[in-house]
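Let's take a walk through a protein chain, piece by piece. Have the sequence and the 3D view ready, and follow along.

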Amino acid sequence: MKRQLFTADHEAFRETVRTFLAKEVTPHQEQWEKDGIVSRDAWRAAGRQGLLGLAVPEEYGGGGNQDFRYSAVLAEEFARAGAAGLAVQLHNDMVGPYLANLSTEEQKRRWLPGFCSGETISAIAMTEPGAGSDLQGIRTTAEDRGDHWLLNGAKTFISNGILADLVVVVARTTPEGGARGLSLLVVERGMPGFERGRNLDKIGQKAQDTAELFFDDVRVPKENLLGERDGAFGHLMANLPQERLSIAVSAIAASEHLLEITTRYVKEREAFGRPLARLQHIRFEIAEMATECAVTRAFLDRCVTDHDRGELDAVHASMAKWWATELQKRVADRCLQLHGGYGYMAEFPVAKAFTDGRIQTIYGGTTEIMKEIIGRSLLS
């Protein structure tokens, strides 16, 4: 089915993204995988190309465009290129809204120009060693000391954790407040007491630096409070639908790309004297995956449209996230199987996609949490 989501301007932007990936990312991916981190030069190149801060107002160096379809194009092309290391989605779609929508004028002028140029790399730190999806379990504390916050605690599994210059930290500012006693503090590189632990060794997304962060009596200036004191829960709930939609968009794009790769492979690969594509079982597998991708694509495109209208709610964002990421997991597994022994070889794209995509059903809210959100809305 011909997609009706994008205009000629979006498709022109797609070509810009593809050119950027071909020039600045693909030639370096193998080295980044070995290093466990991407070059800061790639971030600056993305800034020069106008790929960072798409929705940030132009006066701060951004694109000034609230149309999420441009972010969707970016997510799709990065997914197809297998470019998980350069976490532009995290920067733009997950951290960007906090900085652009919650910052004071002074904060915007201090942080956003570097955010858009690629000089300032961002991260958000929610997950802790003992607390993942359950915000009430957060133990990192920020004590009001008059002219500053005294931050103590630890975070883990933080994407961009090694490279990040700005980290939006979720911390407890009212001990008895439960999930409602949390605030957002921006911790900047070089603050005394802010330390980075290991660049964690993951089974996939090897080029994406994921780290432990430690805060030991970090004096965070009062002017680094982002949004309202004790308002983090509301801020997080407002931004999570876009985060989950962004993950879902990359998931369906990755699924479609895997299907394309595998379709070509089974046409070319022979077994028992004829192409695999001549075998009924293979045709049925391809037919099933193609249908699942087409149905999911239609729903995801509708979600993007609703989001641009301000109509995407948490429930439908959760549906999009769990369904598209679980589909990606199934498609990766089935496509690897259809590649046979070659699918298990690291040099084949399907093998890398299998390990890189496995995290999709976990971060941004696990599949189980997504189902709980949906079920609670229907049954409470």
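Before anything else, a word on vocabulary: helices (H or I, at least four residues) and strands (E, at least two) are DSSP runs, numbered from the N terminus. This is a predicted model, where local features need pLDDT of at least 70 and side-chain atom pairs count only at pLDDT 80 or more, while totals for chains, interfaces and linings use all residues. Residues are numbered from 1 along each chain as its sequence is written, and side-chain values use heavy atoms, with hydrogens and water left out.

**Three annotated stretches**

UniProt annotates domains here, in an unreviewed entry. Its positions are given in the numbering used here, feature names are shortened, and annotations may be inferred rather than shown by experiment.

| UniProt domain | Residues | Helix | Strand | End C-alpha distance |
|---|---|---|---|---|
| Acyl-CoA dehydrogenase/oxidase N-terminal | 7-119 | 67% | 0% | 31 Å |
| Acyl-CoA oxidase/dehydrogenase middle | 123-218 | 0% | 50% | 17 Å |
| Acyl-CoA dehydrogenase/oxidase C-terminal | 236-379 | 75% | 3% | 24 Å |

**Strands side by side**

Now look at the strands. Two of them pair if DSSP finds at least two bridges between them. Strand β2 (residues 141-144) runs antiparallel to strand β3 (residues 148-159), with four bridges, and D144 sits opposite W149 in β3. Three residues lie between the strands of this hairpin, where G146 takes a positive phi near 90°. β3 also pairs with strand β7 (residues 210-221), again in the antiparallel sense, over nine bridges. There, I158 has A211 in β7 as its bridge partner.

**Helices, bent and otherwise**

The expected span of a helix is 1.5 Å times one less than its number of residues. Helix α5 (residues 88-102) has 15 residues and reaches 20 Å between its end C-alpha atoms, close to the expected 21 Å. Still, α5 has a kink of about 50° at G96, shortly before the proline P97. That bend is the angle between axes fitted to the seven residues ending at a residue and the seven starting there.

How many residues of α5 are buried? Buried means under 20% relative accessible area, exposed over 50%, and partly exposed in between (1.4 Å probe, protein chains only). In α5, 13 of the 15 residues are buried, so the helix is largely enclosed by the rest of the structure.

Helix α9 has 25 residues and should span 36 Å; its end C-alpha atoms are 36 Å apart, which agrees. Just after α9, G340 takes a positive phi of about 65°.

**Packing inside**

A nonpolar core is a set of buried Ala, Val, Leu, Ile, Met, Phe, Trp, Tyr and Cys residues joined through side-chain atoms within 4.5 Å. The largest one has 57 residues, and F13, F20, L74, F78, L86, L245 and L300 have the most contacts inside it. Among the elements giving two or more residues to this core are α1 (8-25), α4 (68-81) and α8 (280-308). A second, separate core has 28 residues, including A179, L184, V186 and F233.

Contact means heavy atoms within 4.5 Å. Leaving out residues up to four places away in sequence, L86 touches F20, V25, V38, A42, W43 and F78.

**One residue to finish**

Find T367, in helix α11 (residues 367-379). Is T367 buried or exposed? T367 is buried, with a relative accessible area of 3%. Not counting residues up to four places away in sequence, T367 touches W322, T325, E326 and T361.
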